[in-house]
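Dear colleague,

I am handing over the structure below for your review. My notes on it follow directly after.

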Amino acid sequence: MEKRVKTKIKSVKKSKSKSKKSKKTKKEPIIELKNLWKTYHLGKVPVHALKSVDLKIYPGDFVIILGSSGSGKSTMMNMIGALDVPTKGKILLNGKDTSKFEESDLAQIRGQKVGFVFQQFNLMPVLSALQNVSMPMMFQDVPEEERLERAEKLLKMVGLEDRMTHRPTELSGGEQQRVAIARALSNDTEVLLADEPTGNLDSKTGKQIMHLISKLHKENGKTIVLVTHDINLVKYAHRTVKLKDGKVVMDNHHKPVKI
Ligand SMILES: Nc1ncnc2c1ncn2[C@@H]1O[C@H](COP(=O)(O)OP(=O)(O)OP(=O)(O)O)[C@@H](O)[C@H]1O
Ligand SMILES: [Mg+2]
């Protein structure tokens with residue numbers, strides 16, 4: 001009898017440790033910044049844009065990066081997207097140290113892992129919405145037919161099926177930002193990095209863009225990192241990181257408000 005009970009306890013313990021293990025494997029960060037420093041040299045005065053930043057971004061995160069102008073938000077985003085090299089410290093992509101990668105490998109990984117959305121939209125003015133969205137796929141050697149098919153699908157997803165042949169100047173600000181979001185998703189990247197995506201939009205259009213980004217997080221499982229000055233956007237995310245003078249001064253997990 002006693003023996004049976006013991007065996008039972010043992011098996012419970014075993015399954016407990018198993019579930020702990022599977023939780024742990026799920027929790028590996030996609031991107032990790034470790035003791036990261038970025039120093040710019042302007043004349044004789046060094047500008048420490050980032051000072052010993054540690055940050056882990058996990059799959060499925062929706063992180064808002066807050067901070068006043070000059071606090072290092074864009075510098076940090078460029079590091080998260082491995083677009084810039086740190087002065088000191090490490091950037092890990094899926095646990096791998098990016099400083100060990102060749103530039104060509106890094107470019108390939110960047111294209112597949114992160115999509116960028118900027119405040120100024122940064123669309124190619126001579127290209128149509130469809131061509132803008134399909135362009136990043138060219139760098140990943142996606143065949144033309146598939147590129148156009150995917151670009152069409154993405155533009156439909158952001159509600160621009162009637163604007164495919166329009167050039168950026170023939171689109172409103174909100175429409176241009178939706179094209180930029182579709183373009184950022186064109187390689188089906190896991191992570192969407194958005195630096196002030198609503199900064200150039202009126203509040204109603206900004207809200208529509210935030211709803212679209214929320215939907216990408218909830219329904220498409222994208223990991224979102226979004227920089228803003230606007231404290232009102234915190235409600236869309238479940239984590240808020242605050243930067244001050246190049247340092248992380250707050251990292252809060254919270255519930256997003258139901259939208
Ligand atoms: N290329 C550069 N050369 C020199 N200094 C730079 C460079 N880029 C940024 N800086 C400086 O680094 C600091 C951080 O800049 P960063 O662009 O990351 O700020 P930010 O938080 O994004 O600000 P904003 O909200 O105004 O966009 C600032 O003091 C800025 O002047
Ligand atoms: Mg900035």
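Helices α4 and α5 are oblique to each other, because their angle falls outside the classes set for the term: under 35 degrees counts as roughly parallel, over 145 as roughly antiparallel, 65 to 115 as roughly perpendicular and the rest as oblique. The axes of α4 (residues 129-139) and α5 (residues 144-157) come within 9 Å and cross at roughly 125°. Axes here are lines fitted to C-alpha atoms, for helices over the stretch in contact, with angles from 0 to 180 degrees between N-to-C directions. The crossing of α4 and α5 is right-handed (the near helix is turned clockwise from the far one by less than a right angle; anticlockwise would be left-handed).

From α4, Ala-129, Leu-130, Val-133, Ser-134, Met-137 and Met-138 meet Arg-147, Leu-148, Arg-150, Ala-151, Glu-152, Leu-154 and Leu-155 of α5 (contact requires C-beta atoms, placed from the backbone, within 7 Å). This contact of α4 with α5 comprises nine nonpolar, one polar and three charged residues (Ala, Val, Leu, Ile, Met, Phe, Trp, Tyr, Cys and Pro count as nonpolar, Asp, Glu, Lys and Arg as charged, and the others, Gly among them, as polar).

The model is predicted: local features need pLDDT of at least 70 and side-chain atom pairs count only at pLDDT 80 or more, while totals for chains, interfaces and linings use all residues. Residues are numbered from 1 along each chain as its sequence is written, with chains lettered from A and ligands numbered from 1 in the order in which they are written.

A second helix pair is formed by α6 (residues 173-184) and α7 (residues 203-220), whose axes come within 9 Å and cross at roughly 20°. That angle makes α6 roughly parallel to α7. Their crossing is right-handed. Gly-173, Gly-174, Gln-177, Arg-178 and Ile-181 in α6 meet Thr-205, Gln-208, Ile-209 and Leu-212 in α7. The residues of this contact divide into three nonpolar, five polar and one charged.

Ligand 1 has around it, among others, Tyr-40, Val-47, Gly-72, Lys-73, Ser-74 and Thr-75 (C-beta atom, placed from the backbone, within 6 Å). The largest share of this shell, three residues, comes from α2. By class, the shell has four nonpolar, seven polar and one charged residues.

Overall, the protein has seven helices and 10 strands (DSSP runs of H or I, at least four residues, and of E, at least two, numbered from the N terminus).

Kind regards

Key. Contact = placed C-beta atoms within 7 Å.
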